[in-house]
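I open the notebook with cysteines, then move on to rings, strands, core and loops. Each entry records what I looked up.

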Amino acid sequence: MFILYAGKNRLTVRQRETAVSGSVNVNTVQFQFSPDWDGAVCTAVFRAGTEVRTAALDGDGRCTIPREVLQTPWVRLMTGVCGRRGEEEVRPTVWADLGTIQRGAMPEDASAPSTPELWEQALEKKGDALGYTEAGELGLYAGEKLLSSVPVSADHRTLAERDAADQHPIGAITGLEGRLEKTITTDSVLSVAEILKIMEVS
């Protein structure tokens, strides 16, 4: 893993590893930030020769080096980070040198999918499924990652808005739908008393 520290505008390499051409989802970069970056939304930028790619940082300040900048050996791999606070402040660092990309032992027919664009990376973080957590709460998941959760109750009496409109469809009342189907037809004309009699629990 590469570890870098971002001061106000400087970026210092604190730990490095070998970058090899052809690598996909192999090299992770950890960015650590000074208090100058508090509240900023940060994006990593990678450059190798003329190839430049960006990567969104996760909540721990990490990202994977995009495969596109690791295709050509014997070029210098550079990285920087850019932070934004709203539309008023943009804070880029200087470039930091991660070293020369070494040639990888790749078969000629090897291929890999392209790195998602920033908007696709952001979309991947959105929830795509609901499920229960180990604590019994209702959770919003992106793949297997839990994004957020809320407590749920099996006791209907503890739920809020129980008397709000459209909270209880016919199907939610046991036996009512079948009973109505047997009793009321399209040409039925029933009094209020008859309807109430139908709805009585026998």
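**Entry: cysteines.** I searched the whole structure for disulfides and got 0. The model is predicted. I then asked how far the sulfur of Cys-42 is from the closest cysteine sulfur. The closest one belongs to Cys-82, at 8.1 Å, which is too far for a bond. A disulfide needs the two sulfur atoms within 2.5 Å. I checked from the other side as well. Cys-82 is in no disulfide, and its nearest cysteine sulfur is that of Cys-42, 8.1 Å away.

Next I looked up burial for both. Cys-42 has 14% relative accessibility and counts as buried. Cys-82, at 21%, counts as partly exposed. The cut-off for buried is under 20%, so Cys-82 at 21% does not meet it.

**Entry: strand pairing around Cys-42.** Which residue of E7 is the bridge partner of Cys-42? I found Gly-83. I then looked at the strands as wholes. E4 (41-48) and E7 (76-85) run antiparallel and are joined by 8 bridges. E4 also pairs with E5, residues 51-56, in the antiparallel sense over 6 bridges. In that pairing, Ala-44 has Ala-55 of E5 as its bridge partner.

I followed E4 into its hairpin with E5. There are 2 residues between the strands, and Gly-49 takes a positive phi near 65°. I noted one general point for reading the strands. Side chains in a regular strand alternate between the two faces of the sheet.

**Entry: the core.** I asked which residues touch the most other members of the largest nonpolar core. They are Phe-31, Phe-46, Ile-65 and Leu-77, in a core of 23 residues. I then listed the strands that each supply at least two residues: E1 (2-6), E3 (28-33), E4 (41-48), E7 (76-85) and E9 (96-100). E4 gives the most, with 4 residues.

I took Phe-31 for a closer look. It is buried, at 2% relative accessibility. I left aside its neighbours within four places in sequence and read off its contacts. Phe-31 touches Leu-4, Leu-11, Ala-44, Leu-57, Asp-60, Gly-61, Cys-63, Thr-79, Gly-80 and Val-81. Ala-44 is thus on two of my lists, as a contact of Phe-31 and as the bridge partner of Ala-55.

**Entry: rings.** I counted aromatic pairs and got 2. Phe-31 and Phe-33 are stacked, with centres 6.4 Å apart and 25° between the planes. Phe-33 and Trp-37 have centres 5.3 Å apart and planes at 50°, so that pair is tilted. These ring pairs link Phe-31, Phe-33 and Trp-37 into a cluster.

Buried or exposed? I looked up the rings of the cluster in turn. Phe-33 is partly exposed at 28%. Trp-37 is buried at 4%. Phe-31 has its 2% from the entry above.

**Entry: charges over rings.** I asked which charged end sits over the ring of Trp-37. The charged end of Arg-91 does, 5.7 Å from the ring centre. I also found Arg-47 over the face of Trp-95, at 4.4 Å from the ring centre.

**Entry: Thr-93.** Thr-93 is in the loop between E8 (89-92) and E9. I checked its burial. It is buried, with a relative accessible area of 14%. Not counting residues up to four places away in sequence, Thr-93 touches Ala-6, Asn-9, Arg-10, Leu-11, Trp-37, Gly-80 and Val-81. Leu-11, Gly-80 and Val-81 are also among the contacts of Phe-31.

**Entry: Pro-35.** This proline is in the loop between E3 and E4. Pro-35 is exposed, with a relative accessible area of 63%. I looked up its distance to Ala-6. The two are 29 residues apart in sequence and 9.6 Å apart in space, C-alpha to C-alpha.

**Entry: positive phi outside glycine.** I found Asn-25 with a positive phi of about 55°. Asn-25 lies in the loop between E2 (11-15) and E3. It is exposed, at 65% relative accessibility. Trp-74 has a positive phi as well, near 70°. I placed Trp-74 in the loop between E6 (62-64) and E7.

Technical notes
Residues are numbered from 1 along each chain as its sequence is written. This is a predicted model: local features need pLDDT of at least 70, side-chain atom pairs count only at pLDDT 80 or more; totals for chains, interfaces and linings use all residues. Side-chain values use heavy atoms; hydrogens and water are left out. A nonpolar core is a set of buried Ala, Val, Leu, Ile, Met, Phe, Trp, Tyr and Cys residues joined through side-chain atoms within 4.5 Å. Buried means under 20% relative accessible area, exposed over 50%, partly exposed in between (1.4 Å probe, protein chains only). Contact means heavy atoms within 4.5 Å. Rings of Phe, Tyr and Trp (its six-membered ring) pair if their centres lie within 6.5 Å; planes under 30 degrees apart count as stacked, over 60 as edge-to-face and the rest as tilted. A charge sits over a ring if NZ of Lys or CZ of Arg is within 6 Å of the ring centre and within 35 degrees of the ring normal. Two strands pair if DSSP finds at least two bridges between them.
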